[in-house]
Amino acid sequence: GKEWGVDKGRWPRKSVAAMMSLLKNAEANAIAKGLEPSKMVIKHVQVDQAPRRHRRTYRAHGRINPFMRCPCHVQLFMSQAQEAVPSPKSCLLYTSDAADEEDSVDLGGRRIIKKKKKKKYT
């Protein structure tokens, strides 16, 4: 509709039928590989334009008009959902470099240096 910047809106029955066929094929592939189809999740979907196919349609009075097809390539990556591992409540990782120094801590490969408190002279 107008909110998406197009003036003609259609229900994409043909596109939905193609995607449903692709999902059924992915389910059959999962069963063939011994995976659980109900645990499969879609990781990536990408639709790209394919080369156009030129044909011709014959009109009245001997005219010929082009009849173009606009196919596409569809990539669908699925994988089995993995169990989430709960993270510990509080955990600090110390490396050998950071363990030697009292003013630095290494968290997940990033070295964080603790600021030293400055003494106030009055």
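**Exercise 1. Glu-27**

Task: Decide whether Glu-27 counts as buried, partly exposed or exposed, and place the residue in the fold.

Solution.
- Start with accessibility. In this predicted model, Glu-27 has a relative accessibility of 42%.
- Apply the cut-offs. Buried means under 20% and exposed means over 50%. Glu-27 therefore counts as partly exposed.
- Now place the residue. Glu-27 is found in helix H1.
- Look for a partner far away in sequence. Glu-27 and Met-78 are 51 residues apart in sequence. In space, their C-alpha atoms are 9.5 Å apart.

**Exercise 2. Helix H1**

Task: Check what span the 20 residues of helix H1 should have, and compare that with the distance between the end C-alpha atoms.

Solution.
- Take the limits. H1 covers residues 13-32.
- Work out the expected span. The rule is 1.5 Å times one less than the number of residues. For H1 this gives 28 Å.
- Compare. The end C-alpha atoms of H1 are 29 Å apart, which agrees with the expected span.
- Look past the helix. Gly-34 follows H1 and has a positive phi, near 85°.

**Exercise 3. The E2-E3 hairpin**

Task: Describe how strands E2 and E3 are joined, and in which direction they run.

Solution.
- Identify the strands. E2 is residues 53-58 and E3 is residues 64-69.
- Count the bridges. Six of them join the two strands, which run antiparallel.
- Pick one opposing pair. Thr-57 faces Asn-65 of E3 across the pairing.
- Inspect the turn. Five residues lie between E2 and E3 in this hairpin. His-61 sits in that loop.
- Check the backbone. His-61 has a phi near 60°, a positive value in a residue other than glycine.
- Check the surface. His-61 has a relative accessible area of 81%, so this residue is exposed.

**Exercise 4. The cysteines**

Task: Find out how many disulfides the structure holds, and explain why Cys-70 is in none.

Solution.
- Recall the chemistry. A disulfide is a covalent bond between the sulfur atoms of two cysteines.
- Search the whole structure. The count is zero.
- Test Cys-70. Its closest cysteine sulfur belongs to Cys-72, 9.8 Å away. The cut-off is 2.5 Å, so the pair is too far apart for a bond.
- Test Cys-72. This residue is in no disulfide either, and its nearest cysteine sulfur is that of Cys-70.
- Add accessibility. Cys-70 is exposed, at 55%. Cys-72 counts as partly exposed, at 45%.

**Exercise 5. The whole chain**

Task: State the fold pattern along the sequence, then say where confidence is lowest and where it is highest.

Solution.
- Count the elements. There are two helices and six strands.
- Read them in order. The pattern is α-β-β-β-β-α-β-β.
- Assess burial. Of the 122 residues, 7% are buried.
- Assess the surface. The protein exposes about 12,200 Å², with carbon and sulfur atoms supplying 53% of it.
- Assess contacts. Among those between residues at least 6 apart in sequence, 39% join residues at least 24 apart.
- Assess confidence overall. The average pLDDT is 78, and 64% of the residues score at least 70.
- Find the extremes. Helix H2, residues 96-100, has the lowest confidence, at a mean of 49. Strand E2 has the highest, at 92.
- Draw the caution. Where pLDDT is low, the predicted coordinates should not be read in detail.

Terms used
Residues are numbered from 1 along each chain as its sequence is written. This is a predicted model: local features need pLDDT of at least 70, side-chain atom pairs count only at pLDDT 80 or more; totals for chains, interfaces and linings use all residues. Side-chain values use heavy atoms; hydrogens and water are left out. Two strands pair if DSSP finds at least two bridges between them. Helices (H or I, at least four residues) and strands (E, at least two) are DSSP runs, numbered from the N terminus. Buried means under 20% relative accessible area, exposed over 50%, partly exposed in between (1.4 Å probe, protein chains only). Contact means heavy atoms within 4.5 Å. Accessible areas come from the Shrake-Rupley method with a 1.4 Å probe; for residues, only the protein chains shown count as cover. pLDDT is the predictor's confidence in each residue, from 0 to 100.
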